[in-house]
Amino acid sequence: MSCRTRTDILARVLPLVAASCLLGCKPASSPVKHAALPAVQALMVHDASPQKAAFIGLYGAERSIPLAPTQAGRLTSVSVVSGQYVHQGDVLATFEDRLLLEMEAQSQGEVDAACAEMNQAAATYKRSRGLDAIGGLSSGTVEERAYSWHLAQAKYRSALAALTQAQIQVAESKIRAPEDGWIMSVTGVPGSLVGAGSEIIRLSAGAPEVHFKVPSSSSWTVGDTAEVSLPAGQDGQSVRADIREIGTIDATSQMQDVKLRLDHPLPVAVNSLVTVVLAAHDVSHVVRVPLTAVDSAGQTHAHLWGLTDGQTPHLVLRSVRIVGLRGADALVEGLTDGEWIVSNTDGSFQQGQAVLLAGQAGER
């Protein structure tokens with residue numbers, strides 16, 4: 001074979017060998033493409049709609065009654081403390097009453113004297129009646145004795161009124177409970193001078209109530225029921241209650257005052273903290289997702305990435321609504337129970353993009 005012939009054969013064979021080598025290396029490109037898929041952490045979400053909502057309230061009563069002296073005086077003693085339960089008529093505080101007792105005694109003496117004078121004038125008039133007809137006394141004398149009797153009656157009534165006023169002042173030197181209730185506060189200090197009308201004790205009386213606050217976005221209304229109980233660690237059963245009143249929205253805190261009426265009192269003092277449990281008002285189900293999975297588009301609207309089923313999952317953009325926060329998680333509407341989502345969002349993700357599951361972050 002000539003050298004030219006060998007050269008021609010090599011010229012035809014070498015391209016075929018090079019092509020074969022290239023064809024043999026082509027399958028190796030598949031792992032390179034597979035490794036380029038983004039790796040994500042998968043998370044299954046579950047319904048996190050709260051069945052109940054709990055608040056901390058302040059236990060009290062229907063009426064708050066300030067107690068104060070009607071006249072200025074020195075406070076000598078206070079016989080109650082804050083939180084104490086008292087009955088109607090119980091003495092709560094006492095003022096200096098020596099001068100008042102002397103005035104009462106003097107008034108009593110004036111009543112006794114006026115009574116004796118009245119009785120004497122009445123007897124004299126009764127003996128004089130008819131004597132003018134027989135000439136024993138003149139008509140003027142009989143009329144004068146009748147006038148003296150009526151004047152003695154007026155003096156006696158005036159003395160009785162003065163005695164009653166003195167007795168009232170003595171009685172007012174003691175502050176008594178106007179009705180059954182709890183002592184809310186004691187501000188009077190024994191030994192101090194207290195002006196007329198200055199509050200020294202405040203009494204909480206009437207039907208038991210609880211006051212607490214709820215967010216302005218809540219949907220509870222008057223008449224909704226609740227359960228009121230003592231804080232954890234204290235004995236006592238819960239008491240049924242219903243919403244009696246809902247206040248206006250506070251512009252600063254965006255909270256509303258709520259007043260509950262209890263079926264019967266709790267065995268605690270006024271101003272004690274209690275737990276209030278209300279049935280939750282949810283218009284739709286919510287799920288709990290990590291904040292790292294949410295790309296917020298505003299205060300409430302956001303989106304996150306869901307995953308399709310199958311051996312090779314693909315990304316699905318899901319729009320959700322944020323309804324609340326719970327620690328490092330968000331409560332969102334728009335997802336279904338058991339749905340898989342991506343917990344580590346990335347700005348480079350695209351709709352329908354295939355991804356690799358680097359692991360499952362658990363369930364929420």
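Is Arg 261 buried, partly exposed or exposed, and what is its relative accessible area? In this predicted model, Arg 261 is partly exposed, with a relative accessible area of 37%, a value that falls between the limits of 20% for burial and 50% for exposure. The side chain of Arg 261 meets that of Asp 242 in a salt bridge, with N and O 3.4 Å apart. Because Arg 261 belongs to strand β12 and Asp 242 to strand β11, this pair ties together parts of the chain that are 19 residues apart in sequence. Asp 242, for its part, is buried, since its relative accessible area is 14%.

A further salt bridge involves these two strands: Glu 245 pairs with Lys 259, and the closest N and O atoms are 3.6 Å apart. Glu 245 lies in strand β11 and Lys 259 in strand β12, so that parts 14 residues apart in sequence are tied together by the pair. Here Glu 245 is partly exposed at a relative accessible area of 42%, whereas Lys 259 is buried at 19%. In general terms, side chains of opposite charge can pair when their charged atoms come close. The count of salt bridges comes to 15. One of them joins Arg 98 to Glu 96, with the closest N and O atoms 2.8 Å apart; Arg 98 is exposed, with a relative accessible area of 60%, while Glu 96 counts as partly exposed at 32%. In addition, a network of salt bridges links Glu 62, Arg 63, Glu 179, Glu 209 and Arg 244.

Turning to the chain as a whole, the secondary structure comprises four helices and 20 strands. The chain has 364 residues, of which 31% count as buried, and it exposes about 21,500 Å², with carbon and sulfur atoms supplying 55% of that area. Among contacts between residues at least 6 apart in sequence, 73% join residues that are at least 24 apart.

The largest nonpolar core contains 21 residues, and those with the most contacts inside it are Val 210, Phe 212, Val 228, Leu 260, Leu 262 and Leu 266. At least two residues of this core are supplied by each of the strands β2 (52–67), β9 (201–215), β10 (225–229), β11 (239–249), β12 (255–262) and β13 (273–279). When neighbours within four places in sequence are left aside, Phe 212 is in contact with Phe 55, Ile 56, Gly 57, Gln 256, Asp 257, Val 258, Leu 260, Val 276 and Leu 278. Apart from this core lies another, of 16 residues, among them Val 86, Leu 92, Phe 95 and Ile 183.

Several strand pairings involve residues of that other core. An open sheet of four strands, paired antiparallel, follows the order β6-β5-β3-β8. Strands β6 (174–176) and β8 (193–194) stand at its edges with a single partner strand each, and so one side of each is left without a neighbour in the sheet. Within the sheet, strand β3 (residues 73–78) is joined to strand β5 (residues 91–95) by three bridges, the two strands running antiparallel, and Leu 75 has Phe 95 as its bridge partner in β5. Elsewhere, two bridges connect strand β4 (residues 85–86) with strand β7 (residues 181–186), again in an antiparallel arrangement, and the bridge partner of Val 86 in β7 is Gly 181. Strand β7 is also joined to β9 by five bridges, the two running antiparallel, with Trp 182 standing opposite Ser 204 in β9.

Two individual residues complete the description. Ser 128 has its place in helix α3 (residues 98–128) and is buried, with a relative accessible area of 0%. Beyond its neighbours within four places in sequence, Ser 128 is in contact with Leu 137, Val 142 and Arg 145. Asp 295, by contrast, lies in strand β15 (residues 295–296) and is partly exposed, with a relative accessible area of 37%. Again leaving aside neighbours within four places, Asp 295 is in contact with Ala 302 and His 303. Asp 295 and Asp 346 are separated by 51 residues in sequence, and their C-alpha atoms are 9.1 Å apart in space.

Conventions:
Residues are numbered from 1 along each chain as its sequence is written. This is a predicted model: local features need pLDDT of at least 70, side-chain atom pairs count only at pLDDT 80 or more; totals for chains, interfaces and linings use all residues. Side-chain values use heavy atoms; hydrogens and water are left out. Buried means under 20% relative accessible area, exposed over 50%, partly exposed in between (1.4 Å probe, protein chains only). Contact means heavy atoms within 4.5 Å. Two strands pair if DSSP finds at least two bridges between them. Accessible areas come from the Shrake-Rupley method with a 1.4 Å probe; for residues, only the protein chains shown count as cover. A nonpolar core is a set of buried Ala, Val, Leu, Ile, Met, Phe, Trp, Tyr and Cys residues joined through side-chain atoms within 4.5 Å. A salt bridge is a side-chain nitrogen of Lys or Arg within 4 Å of a carboxyl oxygen of Asp or Glu.
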